[in-house]
Amino acid sequence: MLDLETALSLAAMPLSCVDRPHALRPDRAGYLDDISYTRRRDFDQNRAFYGCWDWHSAVNSTWAMVRLVKEVPDLPVAPLIREKLRDHLSEEALAGELEYLSDNPSFERPYGWVWLLLLHGELASWDDPFAAVWAERLDPVVSHLSDRLIDYLEDLERPVRTGVHPNTAFAIATSLQAEQMAARPELAEALRTSAERFFGEDRNCPVAYEPGRSDFLSPCLEEAALMGMVLNPEAYAAWLDGFLPALDSDEFEPLLETNPAGAGDEEPPEGDVVTNDSLRSAYGTYSHLIGLAFTRADAMLRIAAALAGEDPRVPELRALATRHARTGYDTMFDADYAGSHWIGSFALKYLVLTTGGSSP
């Protein structure tokens, strides 16, 4: 349940990292030359999202803070969250974001873009005077990314079906959720058209291939949840029959595994502080498989919600979602900062669905 105690524990994660600058990039552009890094001068004044390991995690952590205060207005740390929002969503900081995104058209495409759309949607739909100001400041950035996202989807010949950040189904579904809170009709049309173009004829999703070594998304479940947003219940039930195996079949078993990371059975990578690329990568992989428990649970709930109430799969999917989420809560801190800087956002997305809040 999203009670006060749970909300506080989830709020602690973004609050602990939004002011903590990104980790050094793990890639190396130089072959013969050493690469040095220098922080941009006054980065905390002309950048809004500079914490939580990487840009997209800074964005979804900001979303988590907003959603927590919306869901639990009497949260004891609400004044602190508002202070962080005021500092990070300043006019100067968001002008800097727009400038950088304009000059770097593929930066964080599409995963980071859609989290920013979702953040804007939360602010725009919040009956709060400060939220209205922050949403207005964000609007030029989001309008820019919305246009870019339309162009990206129209130019994309086939969807990206990976279990990590570039996943097309996740990008479209998250953008549709954002559009439901802050209407952008041209974007909504492009999203729905793209979903049907990419996935409308899909059959027999290769469930046996899941999960990949570092997946934090289920490609099959994300696609199934998305199509529930764009098809009517009758058409969706027929499409789902041809796409996913029966829940009680042997073929569905890979999606029943609630602990693919083996968290609790073996120790995460050794090391007190994540300081080198190989250790950072090991922790990141480990945390992704832990976070997969929440994203599977979330997708299963969305699939169940899209089916007619009398469909026998509905209670089964809800029960499976609970099992996955329970594993997520039992293991979410096992990957240290590599997990805590982002997993809380997905835990919150799931909890909002279970407690009757509007879908994030």
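**View 1. Helix α4 and its buried side.** In this predicted model, helix α4 runs over residues 78-88 and has Ala78, Ile81, Lys84, Leu85 and His88 buried. Those five sit on the same side of α4, because the arc they cover around the axis is only 120 degrees. The general spacing rule is handy here: an α-helix has 3.6 residues a turn, so residues three or four places apart point the same way. Flip to the other side of α4 and you find Pro79 and Arg86, both exposed. What sits on top of the buried residues? The cover includes α1 (4-17), α3 (55-71), α5 (91-103) and α7 (129-155).

**View 2. Lys84 of α4 reaches Asp19.** The side chains of Lys84 and Asp19 pair up in a salt bridge, with N to O at 2.5 Å. Lys84 belongs to helix α4 and Asp19 to the loop between α1 and α2, so this pair ties together parts that are 65 residues apart in sequence. Which partner is buried and which is partly exposed? Lys84 is the buried one, since its relative accessible area is 15%, under the 20% cut-off. Asp19 has a relative accessible area of 34%, so Asp19 goes down as partly exposed.

**View 3. Arg82 of α4 and Asp128.** Here is another salt bridge from the same helix: the side chains of Arg82 and Asp128 meet with N to O at 2.7 Å. Arg82 lies in helix α4, while Asp128 is in the loop between α6 (111-124) and α7, so the pair ties together parts that are 46 residues apart in sequence. Arg82 counts as partly exposed because its relative accessibility is 26%. Asp128, at 11% relative accessibility, counts as buried.

**View 4. More salt bridges, including a network.** How many salt bridges does a search of the whole structure find? The search turns up 14. One of them is between Asp311 and Arg313, whose closest N and O atoms are 2.9 Å apart. Both Asp311 and Arg313 are buried. Elsewhere, salt bridges link Arg67, Lys70, Glu71 and Glu122 into a network.

**View 5. The Cys17-Cys52 disulfide.** The sulfur atoms of Cys17 and Cys52 are 2.0 Å apart, and the two residues form a disulfide. The link of Cys17 and Cys52 is right-handed, with 80 degrees about the S-S bond. Distant parts of the chain are linked here: Cys17 is in helix α1 and Cys52 is in the loop between α2 (43-46) and α3, 35 residues apart. Buried or exposed? Cys17 counts as buried because its relative accessibility is 0%. Cys52 is likewise at 0% relative accessibility, so Cys52 counts as buried too.

**View 6. The Cys205-Cys220 disulfide.** Cys205 is joined to Cys220 by a disulfide, S to S 2.0 Å. For the dihedral fans, this link is left-handed, with -90 degrees about the S-S bond. Cys205 sits in the loop between α9 (185-199) and α10 (219-230), and Cys220 in helix α10, so to speak two distant parts of the chain, 15 residues apart. Cys205 and Cys220 are both buried. The count for the structure comes to two disulfides, and with bonded cysteines counted along the chain, the pattern is 1-2, 3-4.

**View 7. Helix α10, mostly covered.** The helix that holds Cys220 has 12 residues and reaches 17 Å from its first C-alpha to its last, close to the 16 Å expected at 1.5 Å a residue. How many of the 12 residues of α10 are buried? The tally is 11, which leaves α10 mostly covered. Among the buried residues of α10 are Pro219, Leu221, Glu222, Glu223, Met227 and Val230.

**View 8. Leu123 in the largest nonpolar core.** In soluble globular proteins, nonpolar side chains tend to be buried together. The largest nonpolar core here has 115 residues, and Phe49, Leu116 and Leu123 touch the most other members. Helix α7 gives this core its largest share, 11 residues. Which residues does Leu123 contact, leaving aside neighbours within four places in sequence? Leu123 is in contact with Val66, Leu89, Ala131, Trp134, Ala135 and Leu138.

Definitions and conventions. Residues numbered from 1 in each chain as written. Predicted model: local features only at pLDDT ≥ 70, side-chain atom pairs only at ≥ 80, totals over all residues. Heavy atoms only, no water. Buried < 20%, exposed > 50% of the residue type's maximum accessible area, 1.4 Å probe, protein only. Helix = DSSP H or I, 4+ residues; strand = E, 2+ residues; numbered from the N terminus. Arc of directions from axis to C-beta. Contact = heavy atoms within 4.5 Å. Disulfide = S-S within 2.5 Å. Expected span 1.5 Å × (residues − 1). Core = buried A, V, L, I, M, F, W, Y, C linked by side-chain atoms within 4.5 Å. Salt bridge = Lys/Arg side-chain N within 4 Å of Asp/Glu carboxyl O.
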